[in-house]
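Trainee: Please take me through a close look at a single part of this protein, starting with the overall picture and then showing me what surrounds that part. I would also like to see how the other regions are put together.

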Amino acid sequence: MLNNHWPRAIIFVDMDAFFASIEQLDEPTLRQQPVAVTNGMRGTCIITCSYEARARGIYTGMRIKEAQQLCPQLVQRPARPQRYAQLATRMSDALRDEISPDLEIFSVDEAFLDVSHCQKLLGPPEAIAALTREVINAAVNLPCTVGVGGDKTTAKFIAKEHKPNGIGILPPWQARDRLRDVPVTKLCGIAEGIGRFLAARGVHTCGDMERLPIGIMGKRFGYPGRRIWLMCQGLDPDPIHTSVSAPKSMGHGKVMPPDTVSSDVIRMYLLHMSEKLATRLRRHALQAKTFSIGLLTRQGWLGDTYRTATPTTDGAVISGLSKQMMDEHWRGEGVLQVHITALDPHPADGQLELFIEQDKEREAVNKTMDTINQRYGELVLGPARLLKRSDMPNVISPAWKPKGPRQTI
Ligand SMILES: [Mg+2]
């Protein structure tokens, strides 16, 4: 290509089987071996597994017993959150120093970089992608996949298409054509609920979106709706959010009448928690886009982390996510507690990080942190564990950030 300058260039870095790769890095005898990481040696579910294990049909969330039947030589390793956090920090520091300070830590093993203004110094985006892999290699010597696009959604999409250990390149002028036949729900941030709304209007693929006026999306979902419309054209306007030090989590939970099985009652509690959380976000002039939503049952916590396309302070939007969580995870089990936590609250104007909370607030925040840790621990616990929580190792939260209060998770 002769003219290689992209008007906007975003790099997405996604570590391959991050925790399992670290186990293989630190213990050479595990390399090329099927490895599964669990929460301690008594963890019952697989947190992540090496690609050698994946090749044998093993996947994240699978019961370790089932996996061992499928693959008797599977090596089970207990998670080492501190070590993972250490390498994630080393990785993000290297990217910030050597590629671009415009870095957004998206999750413990994923990051976005805006390299639009690095092209003079570092070369065309294709070259910066290759350099990014070299930087990661030098910093942590772990496999990763890199995607480059003209926007965040495109970069993430093309990275996923090239996993593991690959480089995906999708120039902005090819993005619209490339996305045309891709189902809208394959794009990051387009949840099933929005997918159903779109399907009812004949929009199944990104290409179909062009026939739906952007105003319809705007009217129904506000700015997030307009963003989604643009995402489908390869024009995601979302900027890199570099403010990693601001977030503290903020959550609300409630104990329910024991073994509640009425979906209406559970939904009512979730709605109540959504509204309480939204009110509190607004009171502190904060907003958030990542929410951990969970139900405590006698078997442990059910639930997941959900993201909205753009930050929200709207209880109805958060409640919508909790509905989605119930559809996806609840199968009629008796519920003991509900909990909703905003994992990334940040100032609504994206600038100020000066909201110093009072000690009482801080205490509440710490309590919430504990709840998150327990949640991720208990996701992989058997029923007996509920009684013996204290000897469980901490498990790193997907919301972990290298700087600020989350460092110690
Ligand atoms: Mg990954």
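**A central strand and its surroundings**

Mentor: Happy to! The protein has 14 helices and 13 strands, and please keep in mind that this is a predicted model. Of its 409 residues, 44% are buried. Among contacts with a separation of 6 or more, 65% link residues 24 or more positions apart.

The part I would pick is strand 10, residues 286–297. How many of its residues are buried? The count is 12 of the 12, so strand 10 is largely enclosed by the rest of the structure. Its pairing is a good place to begin. Strand 11, residues 300–312, runs antiparallel to strand 10, and 9 bridges link the two. A hairpin of 2 residues leads from strand 10 into strand 11. T297 of strand 10 faces G300 of strand 11.

Strand 12, residues 335–342, is another antiparallel partner of strand 10, with 7 bridges between them. Here L296 has Q337 of strand 12 as its bridge partner. Strand 13, residues 346–347, also pairs with strand 10 in the antiparallel sense, over 2 bridges. In that pairing Q287 stands opposite H346. If you have the model open, T297 with G300, L296 with Q337 and Q287 with H346 are handy pairs to look up.

From strand 10 we can step outward by way of strand 11 to the helices. Strand 11 is among the elements that cover the buried residues of helix 11, together with helix 7 (152–160), helix 9 and helix 10 (214–221). Helix 11 spans residues 223–231, and its buried residues are P224, G225, R227, I228, W229 and M231.

Now look at how helix 11 meets helix 10. In general, the angle and the distance between the axes describe two packed helices. For helix 10 and helix 11, the axes come within 6 Å and cross at roughly 145°. This crossing is right-handed. Helix 10 brings I214, M217, G218, R220 and F221 to the contact, while helix 11 brings P224, G225, R226, I228 and W229. Sorted by class, these are 6 nonpolar, 2 polar and 2 charged residues.

There is another spot worth visiting here. A191 sits in the loop between helix 8 (172–179) and helix 9 (192–199). Is A191 buried, exposed or partly exposed? It counts as partly exposed, because it has 17 C-beta neighbours inside 10 Å. Setting aside neighbours within four places in sequence, A191 is in contact with Y306 and Q324. R307 is 116 residues away from A191 along the chain, yet their C-alpha atoms are separated by 8.4 Å. Residue 307 falls within the 300–312 range of strand 11, which takes us back to the hairpin partner of strand 10.

For a companion to strand 10, turn to strand 6, residues 110–114, where 5 of the 5 residues are buried. E110, F112 and D114 point one way from strand 6, A111 and L113 point the other way, and all of them are buried. Strand 5, residues 103–107, pairs antiparallel with strand 6 over 4 bridges, and a hairpin of 2 residues joins these two strands. Strand 1, residues 10–15, is also antiparallel to strand 6, with 5 bridges. A111 makes a nice landmark in strand 6: it is the bridge partner of V13 and also of I105.

Lastly, there is an open sheet of 3 strands in the order 3-2-4, with mixed pairing. Strand 3 (46–49) and strand 4 (75–78) stand at its edges with a single partner strand each, so one side of each has no neighbour in the sheet. On average, neighbouring strands of this sheet are turned by 30° against each other, direction ignored. Strand 2, residues 35–38, and strand 3 run antiparallel and are joined by 3 bridges, with V37 opposite T48. Helix 1, residues 18–26, lies across strand 2, strand 3 and strand 4, and it runs at about 115° to strand 2.

Definitions and conventions
Residues are numbered from 1 along each chain as its sequence is written. This is a predicted model: local features need pLDDT of at least 70, side-chain atom pairs count only at pLDDT 80 or more; totals for chains, interfaces and linings use all residues. A residue is buried if 20 or more other C-beta atoms lie within 10 Å of its own, exposed if 12 or fewer, and partly exposed in between; C-beta atoms are placed from the backbone. Two residues are in contact if their C-beta atoms, placed from the backbone, lie within 7 Å. Two strands pair if DSSP finds at least two bridges between them. Axes are lines fitted to C-alpha atoms, for helices over the stretch in contact, and angles run from 0 to 180 degrees between N-to-C directions. A crossing is left-handed if the near helix is turned anticlockwise from the far one by less than a right angle, and right-handed if clockwise. Ala, Val, Leu, Ile, Met, Phe, Trp, Tyr, Cys and Pro count as nonpolar, Asp, Glu, Lys and Arg as charged, and the others, Gly among them, as polar.
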